[in-house]
Amino acid sequence: PWASASDTAASTKGTWKDLPGMLDQMRRLAKTKKNDPAVPPLAVRKELAAANPEWNQTYLAARKLFSDTIVNPLALKAGGRVTLKALREHTIKLLGSDGAGFIPSGKGGIDALQVDENYNLFSPDGDQIVSGAGAAVKATVSDFLEFDPRFAKSTGTNPAYLKYANAVGATTPLYRASRKAASAVKKKEAVAELENEWPEIKPRVILDMDSKDETIKQAATLISFVYLTAARIGNPGNATEKDGASVSTYGASTLTWEHAHFPKGAGDKAWFKFKYPEKKAVMQERMVELAGVRKEDAAITKLVLRNLSELLSSSKGRGNVFPALSDKRRTGVATPNTYVNKLLKERYGLKSATIHKFRHMRGNGIAAPLFARAPLENWDQPGLFSKFKEIMSDVGSLLGHVNGEKVTWTTASKSYVSPDLQKSFFDSRGVSLPKTLQTYLKDAA
């Protein structure tokens with residue numbers, strides 16, 4: 001039924017009839033065989049693009065031509081969206097192949113996915129599929145090489161709709177837009193709950209740091225440690241690849257005394273510093289000390305220092321910092337993380353907030369006063385955006401958002417500071433949101 005869809009379609013680069021010649025040119029420039037795919041896997045494509053600008057220009061032109069003269073008219077003729085199966089059949093009829101790598105492959109219902117005239121991807125029932133990344137990155141067909149069929153259907157236990165392979169063989173989750181939006185709402189509600197309830201819960205946690213039950217005492221100390229340092233909670237056995245090797249990574253619940261630095265001498269320590277590889281094997285420093293602490297946090301800080309000193313003494317500086325939480329016979333659950341979250345719910349009455357949401361609460365707590373200190377007048381958009389990024393970098397510095405050796409501001413904006421708070425920073429100064437920020441906040445909200 002689509003036989004004539006591309007007959008009159010044209011692009012600034014030509015018509016669909018020019019595609020075979022362009023694909024052959026790409027093969028010649030890449031020095032591959034005639035039957036090899038003209039569009040290689042992403043890792044090879046990046047290398048070719050860097051080493052051979054002519055190949056890259058031809059590839060980009062061919063991709064645009066494919067979109068303009070095959071995808072776009074077919075989707076429009078189909079009423080706005082067309083299945084990948086119909087797109088593949090139409091492409092084979094025109095070119096004698098499936099588009100040389102422009103159309104994704106895979107099993108598990110992949111052919112039932114839909115694409116619109118703008119090359120965006122949709123589930124069979126019309127829900128747009130978006131990236132699992134922090135920003136609302138559209139999942140376009142041209143981004144995909146090979147789908148993982150295990151994620152072809154969305155389930156209650158696994159929210160990822162499907163995954164696609166990237167350059168190194170890892171996978172990135174993709175989500176139905178409606179499910180991702182619902183997840184963002186739940187996250188916002190959980191952070192708001194913690195911010196509202198923490199003033200009442202905090203005194204109870206302080207009392208539990210004196211508990212005769214050693215497991216509860218250590219859990220309360222761990223919760224307080226995370227509150228003060230904004231450390232990730234961690235899970236036993238976490239590891240990541242770095243420089244071709246597997247590196248163990250840690251969080252607050254899995255720290256060992258090998259990570260600890262503290263003053264010499266007997267008695268309670270005035271400070272503790274923990275240095276360890278955290279997520280993505282990025283080295284982090286988490287410090288607990290009385291010097292410079294906020295007045296409202298003095299009591300909880302003193303008790304954390306006292307309890308850490310006691311744990312150091314009783315363990316003789318060996319093993320886990322919080323050994324009771326790693327003992328399944330004591331906790332009755334698999335991980336310290338699970339036990340702490342169970343305690344937050346059953347003992348302290350939180351409905352949806354987990355220990356990880358303390359990082360979000362701290363993100364808001366750092367950003368809000370810094371936003372308030374910035375003058376309200378005499379800003380243009382570039383100047384205010386620069387100030388905004390400076391503040392988000394301050395948040396990222398505490399939370400440990402590092403890309404290579406550099407603190408990044410984007411993670412705090414995308415995931416850790418309230419979208420409403422960020423928007424208010426610009427609105428209150430009469431400055432419109434930069435386009436980059438509009439994308440981040442639309443997804444986060």
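Strand S2 (residues 114-116) and strand S3 are paired in the antiparallel sense, over 2 bridges. This is a predicted model. In the S2-S3 pair, Gln-114 faces Phe-122 of S3 across the ladder. Both strands belong to an open sheet of 3 strands, ordered S1-S2-S3 with antiparallel pairing. Strand S1 (81-83) and strand S3 (121-122) are the edge strands, and each of them pairs on one side only.

Two helices pack on this sheet. Helix H3 (residues 53-77) touches S1 and S2, and its direction makes about 100° with that of S2. Helix H4 (residues 84-95) also touches S1 and S2, with its direction at about 80° to that of S1.

A further open sheet of 3 strands has the order S10-S11-S12, and its pairing is antiparallel. S10 and S12 stand at the edges with a single partner strand each, so one side of each has no neighbour in the sheet. Strand S10 (residues 260-261) joins strand S11 (residues 271-277) through 2 bridges. Within that pair, Ala-260 stands opposite Phe-274, and His-261 stands opposite Lys-273. S11 and S12 are paired over 7 bridges, again in the antiparallel sense. Here Phe-272 of S11 has Val-288 of S12 opposite. The hairpin of S11 and S12 has 5 residues between the strands, and Lys-280 in this hairpin takes a positive phi near 60°. Helix H6 lies across S11 and S12 and runs at about 105° to S12.

The strand pairs are listed below.

| Strand pair | Sense | Bridges | Residues opposite each other |
|---|---|---|---|
| S2 and S3 | antiparallel | 2 bridges | Gln-114 and Phe-122 |
| S10 and S11 | antiparallel | 2 bridges | His-261 and Lys-273 |
| S11 and S12 | antiparallel | 7 bridges | Phe-272 and Val-288 |

Helix H10 (residues 357-373) and helix H11 (residues 381-399) form a helix pair, packing at an angle of about 145° with their axes 10 Å apart. The crossing of H10 past H11 is right-handed. On the H10 side the contact is made by Arg-359, Arg-362, Gly-363, Ile-366, Ala-367, Leu-370 and Phe-371. These meet Phe-388, Ile-391, Met-392, Asp-394, Val-395, Leu-398 and Leu-399 of H11. By class, the residues of this contact are 10 nonpolar, 1 polar and 3 charged.

The second largest pocket brings several of these elements together. Its space amounts to about 560 Å³. The lining consists of 22 residues, and those nearest the pocket centre are Leu-228, Thr-229, Met-287, Arg-362 and Leu-398. Helix H6 (214-229), strand S12 (283-289), H10 and H11 are the elements that give two or more residues to the lining. S12 supplies the largest share, 7 residues. Divided by class, the lining holds 10 nonpolar, 6 polar and 6 charged residues.

Some parts of the pocket lining also take part in the packing described above. Arg-362 and Leu-398, which are among the residues nearest the centre of the pocket, also belong to the contact of H10 with H11. S12, with its 7 lining residues, is an edge strand of the S10-S11-S12 sheet. H6, another contributor to the lining, lies across S11 and S12.

Methods
Residues numbered from 1 in each chain as written. Predicted model: local features only at pLDDT ≥ 70, side-chain atom pairs only at ≥ 80, totals over all residues. Heavy atoms only, no water. Axes fitted to C-alpha atoms, helices over the stretch in contact; angles between N-to-C directions. Helix = DSSP H or I, 4+ residues; strand = E, 2+ residues; numbered from the N terminus. Left-handed = near helix turned anticlockwise from the far one by under 90°. Contact = heavy atoms within 4.5 Å. Nonpolar A, V, L, I, M, F, W, Y, C, P; charged D, E, K, R; others polar. 1 Å grid on protein atoms, 1.4 Å probe; cavity = no way out; pocket = protein on both sides within 12 Å on 5 of 7 lines; lining within 4 Å. Points joined across faces, edges and corners; volume = space filled by probe spheres on them. Pairing = 2+ DSSP bridges.
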